[in-house]
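Colleague: I should like to go through this model step by step. May we begin with its helices and then turn to single residues?

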Amino acid sequence: MELYPIYATFLLLIIPTLVFLLLKRNNSMQKRLPLPPGSLGLPIIGQSLQIFRAMRANRGEDWIRERIRKYGAVSKLNVFGSRSVLLHGPAANKFIYTCDEKVLSNQQPASVRRLMGERNLLELNGEDHKRVRGAMLSFLKPEALRQSVGRMDQEIRFHLKHHWHGKHEILVMPLMKTLTFNVICSLIFGIERGIRRERLVYLFELLIDGMLALPINLPFTRFSRSLRARSEIGDIILELIREKRQQMEKQETLDNHQDLITRFLSMTDDDVANPSPLLSDEEIVDNCSIILFCTKQVFWTAFMTHMDESIYPDPSTFNPARFDNQGATPPYSFMAFGGGPRMCPGYEFARIETLTMVHYLVTRFRWKLSLEENLFGRAPLPFFHQGLPIQVKFKKPLDDDDVIM
Ligand code: HEM
């Protein structure tokens, strides 16, 4: 195998729009094929610090643009100890999402693999990828999601009642993170509100923080704290698996659509005489963890394609309608949810959650921005300065009956 795409997880956190491919290690092929232009920088460090610095100063896009200007749409670089390739544009997006996995296979940097687990969907290829993705989609496809909309709605109403009602000003960004986490905890993990949910929130923050740190595993580093958090998250999910299995054995839980873990546990392979679980416990742990990571809206694979003026004129103006008519743009130009066999399986889930929230915002609230200028940055994850404060007024408060406690 010659080129490995580093899936969005780590580097795409910090380099919107880009997919990095590990350069081939096959020496004989290297002799025959020239490497793309670009420098690899210092050993191990490569361009990592430059990228971090640019991101922190909110100049990540400029850094990438400059690199593309200097070396073209395909260039080599060295990030976090991995020799990599930066690809840009719809043709590159198409290549990444459609090419044969013998040419290009999904693989994340070793540090990300340690944090996210070897068996998460982003790591899997071929039959394993198809099997696990199929299991996940059996829960996330629109027909199945119909059964979850009610609970999503409850979580959103509960959230509005507890975090928005009675307030004059709220910070949108942290609250939206809280809401997303609670929806995922309810629908994916099947965890009730309470101490275990709160512990999981805390641990996930540590986990994500470590993914943005240099991967040095010493007792005092962010990376090592993140590894410890990952281990505890794994224990919590394993505990949930044990509890749900017991419930299922006692037939206390018959609805295998109640959450994703229960769904996974209810699925077996095709061997009718002697069926085995479709997913191992390790696969359940890794894939539930990766969902939480995915929903922290960290995939910016195509950021630079979306900012390409030749495809989307005036790209910095707020105009979501520009993505409505995808027939008018070249294929693989709208990449917010990826494409091809790795297209985001949570697309409908995210859409329903967004629409439900927007429904309540429009029908129950009026709001206006508190700051004249709401500065947007990346550090390296995207964020609004001061958390995007808004002033809210209720048109029609939710009744107590609306919220199921
Ligand atoms: C607005 C919210 C979301 C956005 C913008 C988003 C974006 C993306 C993108 C761009 C990819 C493909 C990345 C690549 O191939 O390099 C992806 C993959 C994925 N997403 Fe999402 N996602 C969102 C929400 C969700 C949700 C709610 C879930 C689950 C409930 C989810 C689960 C996944 C998984 C498991 C993958 C890996 C798919 C595979 O490798 O086959 N995402 N997402």
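Modeller: A helix here is a DSSP run of H or I with at least four residues, numbered from the N terminus. Please keep in mind that the model is predicted.

Colleague: Which residue follows α10, and what is its phi?

Modeller: Helix α10 covers residues 172-189. The residue that follows has a positive phi, near 65°, and is Gly190.

Colleague: How far apart are the end C-alpha atoms of α10, and what span should its residues have?

Modeller: Helix α10 has 18 residues, and at 1.5 Å a residue these should span 26 Å. The model agrees with this expectation, because the end C-alpha atoms are apart by 24 Å.

Colleague: Is Ile261 buried or exposed?

Modeller: Ile261 belongs to helix α13, residues 260-266. A residue counts as buried if 20 or more other C-beta atoms lie within 10 Å of its own. Ile261 has 23 such atoms within 10 Å, so Ile261 is buried.

Colleague: Which residue at the end of α10 does Ile261 touch?

Modeller: The contacts of Ile261, not counting residues up to four places away in sequence, include Gly190, Leu240 and Phe189. Among the buried residues of α10 is Phe189. The residue asked for is therefore the last of residues 172-189, namely Phe189.

Colleague: Is Cys344 buried, exposed or partly exposed?

Modeller: Cys344 lies in the loop between α15 and α16, and an unreviewed UniProt entry places a "binding site" feature there. Because Cys344 has 15 C-beta neighbours inside 10 Å, its class is partly exposed.

Methods. Residues numbered from 1 in each chain as written. Predicted model: local features only at pLDDT ≥ 70, side-chain atom pairs only at ≥ 80, totals over all residues. Helix = DSSP H or I, 4+ residues; strand = E, 2+ residues; numbered from the N terminus. Expected span 1.5 Å × (residues − 1). Buried ≥ 20, exposed ≤ 12 C-beta atoms within 10 Å, placed from the backbone. Contact = placed C-beta atoms within 7 Å. UniProt positions renumbered as here; feature names shortened; annotations may be inferred.
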